[in-house]
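Biologist: I should like to go through this structure with you, one question at a time. Please give your reasoning before each result.

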Amino acid sequence: MRTPPTRRAVLGAAVATAGTAVLASCSGGSDTGRGGTNSGGPNAGGAGRGTAPRGKSRGEYVSPDGEEVAAAETRRASGPVRKIDLTATPSRLDLGGGLVVGSWAYDARLPGKELRVAVGDTVALTLANHLPATTSLHWHGLNVRNNMDGVPDLTQPPIKAGAEYAYRFKVPHPGTYWFHPHTGVQQDRGLYAPLIVDDPKEPLKYDKEWVVVLDDWVDGVDGSTPDGVLDELSGGRGGMDHGGMGHDGMGDKSDSGNAGHGGSPKSPKSAKRRLGPSRIMKNSFSELLDSHGGNVDYPYYLINGRIPKAPTSFAAKPGDRIRIRIINAGGDTAFRVALGGHRMTITHTDGYPVRHTTTDALLLGMGERYDVVVTAGDGVFPLTALAEGKRASALALLRTGKGTAPTASVRPKELEGKLVEAFDLSPDDSVALSVRKADRTMRFKLTGSMSAYDWAFDRKPYEPGQRHPVKAGERVRMEFYNVTSMWHPIHLHGHSFGLVGPAGPKHRASRRGQAAWARKDTVIVRPHSSVAVEFDADNPGLWMLHCHNIYHSDVGMMTVLGYRR
């Protein structure tokens, strides 16, 4: 049986202890007025072509191409310039076992080729858009300058089909990251790749490194596409139309009424873009998440672009210390991960070091990353990623000697062993936030239902002009109150935050001698619970806050934090 995490036990009752007065003021300290997008085109030495829309309230908030953003970039360390060319293109992708699908990918690879740089390097990447749609490029977890963050209609203009866009920024900190579009549901195609930032002063000792990218896959299977899935989930309404021409840069949206609360999404009689079978997940439940596992019934789950019947293998020698960097690039799936015959030592989460902690298994929501170190045994071992609540899994193999490969459906016993979660971890002293009283508290209700598919913050669907104000130099506390029956992985752009614990007045005074627990940029918020995080406002601009379920975000579960001038 899984050993209960020592700190997670306090989280479940947090909403109840917070009280109705707190929930009633969940938008307190925020300004969601829609006074324009306040964004402009990049001006970093020709770093972008075109300009993003500018709003009437440009003077109130720091703009993505503002002098404050340029000044913050100047203060960062400088190093060699890394020139990279990247092409987003329709591709035929071999998922193994004779399964070849049509999708979109970077340079026709799945995952895209790993981008490896060092702290202080200047990335000069030109993205050529060969897709039949607008696109963009977001550097997930990397706190880049604001006009390079890759959010269309907020920090940059959409990259039109046939056009190029140049990204240029200094790399501020080491860790395990990844990049993907921030346009519609394009991430749920093959448009993603790992981004590894090496630390020239890396203290961790190991012999080999294994980058593991998890994914849930639907595109090109029996006629299915992520756009068709979104239309089925939303009753034909589609997404938020950010990025130019509909939720994937193509077509228009239609409107439909809400479908009530609770249960599964209603499947329309004729979803506009659904060509294949229904992809709505029925009767899904994860005890670990205390939630419906997800809404999408994916036909395949992948590790490094391969299905379980044709897994990739990583070669090592018995006794090797292997650093495994695990990235969840999925669209709608949390994965429980274990390496058969091994215990894992957690060293980092979301790129930041933690005090080393041993576990049998990990839980990764969409967008989360964990680094672990294992000492390799002798034989062939399954690395299994169980799709929570979805009765399926992904598989890769660790090979250090002779042995028979396990079957595609293998379930190593470590999956039911000790499971350490983010709130069980403490930050390494080098990255721990200082003990400091919050200058500003923002409260967000996570709202919506699976049947209506109307996910949002505070029941307000995303618009690019939304602003929740912060000021440079502040310690900002964000409290998330999940009043839905679904779990949500919440991601903040441009910053890492410290996990504090449950939200609400009962918990605000308790610090346990430190400002926060582990440093992260993405955090799981379970149903009917709450989470508080804190960050230092040290990266000026306009920054997305959103659910990293790609379908939740694209129907409206996004908003913007804006630095006031």
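Modeller: Certainly. Please keep in mind that this is a predicted model. We may begin with the packing of nonpolar residues.

Biologist: Which residues touch the most other members of the largest nonpolar core?

Modeller: The largest nonpolar core holds 88 residues. Strand β18, residues 380–387, supplies the largest share of this core, namely five residues. Another core, of 30 residues, lies apart from it and includes L142 and Y165. Within the largest core, the members that touch the most others are M478 and Y551.

Biologist: Which residues does Y551 contact, leaving aside its neighbours within four places in sequence?

Modeller: Among the contacts of Y551 are V185, D188, P226 and V229. The list also includes L230, L233, V296 and Y298. It is completed by G331, D332 and Y453.

Biologist: Is F457 buried or exposed?

Modeller: F457 is found in strand β21, residues 456–457. Its contacts beyond four places in sequence include F444, I490, L545 and M557. The C-alpha atoms of F457 and L545 are 9.7 Å apart, although these residues are 88 apart in sequence. Because its relative accessible area is 4% and the cut-off is under 20%, F457 counts as buried.

Biologist: How does Y167 compare with that cut-off: is Y167 buried or exposed?

Modeller: Y167 has its place in strand β6, residues 164–170. Its C-alpha lies 6.1 Å from that of T126, with their positions 41 residues apart in sequence. Since the relative accessibility of Y167 is 1%, this residue is classed as buried.

Biologist: What is the bridge partner of T349 in β15?

Modeller: Strands β14, residues 344–349, and β15, residues 352–359, run antiparallel and are joined by five bridges. They form a hairpin with two residues between them, and D350 in the turn has a positive phi of about 50°. In β15, T349 is bridged to Y352.

Biologist: Which element gives the most residues to the lining of the largest pocket?

Modeller: The largest pocket has a volume of about 740 Å³. Its lining consists of 35 residues, and those nearest its centre are H173, P174, Y352, V431 and R519. The elements that give two or more residues to this lining are β8, β12, β14 and β15. The most, four residues, come from β15.

Biologist: How many residues of that lining are charged?

Modeller: The lining of the largest pocket can be divided by residue type. Twelve of its residues are nonpolar and twelve are polar. The number of charged residues is eleven.

How values were computed:
Residues numbered from 1 in each chain as written. Predicted model: local features only at pLDDT ≥ 70, side-chain atom pairs only at ≥ 80, totals over all residues. Heavy atoms only, no water. Core = buried A, V, L, I, M, F, W, Y, C linked by side-chain atoms within 4.5 Å. Buried < 20%, exposed > 50% of the residue type's maximum accessible area, 1.4 Å probe, protein only. Contact = heavy atoms within 4.5 Å. Pairing = 2+ DSSP bridges. 1 Å grid on protein atoms, 1.4 Å probe; cavity = no way out; pocket = protein on both sides within 12 Å on 5 of 7 lines; lining within 4 Å. Points joined across faces, edges and corners; volume = space filled by probe spheres on them. Nonpolar A, V, L, I, M, F, W, Y, C, P; charged D, E, K, R; others polar.
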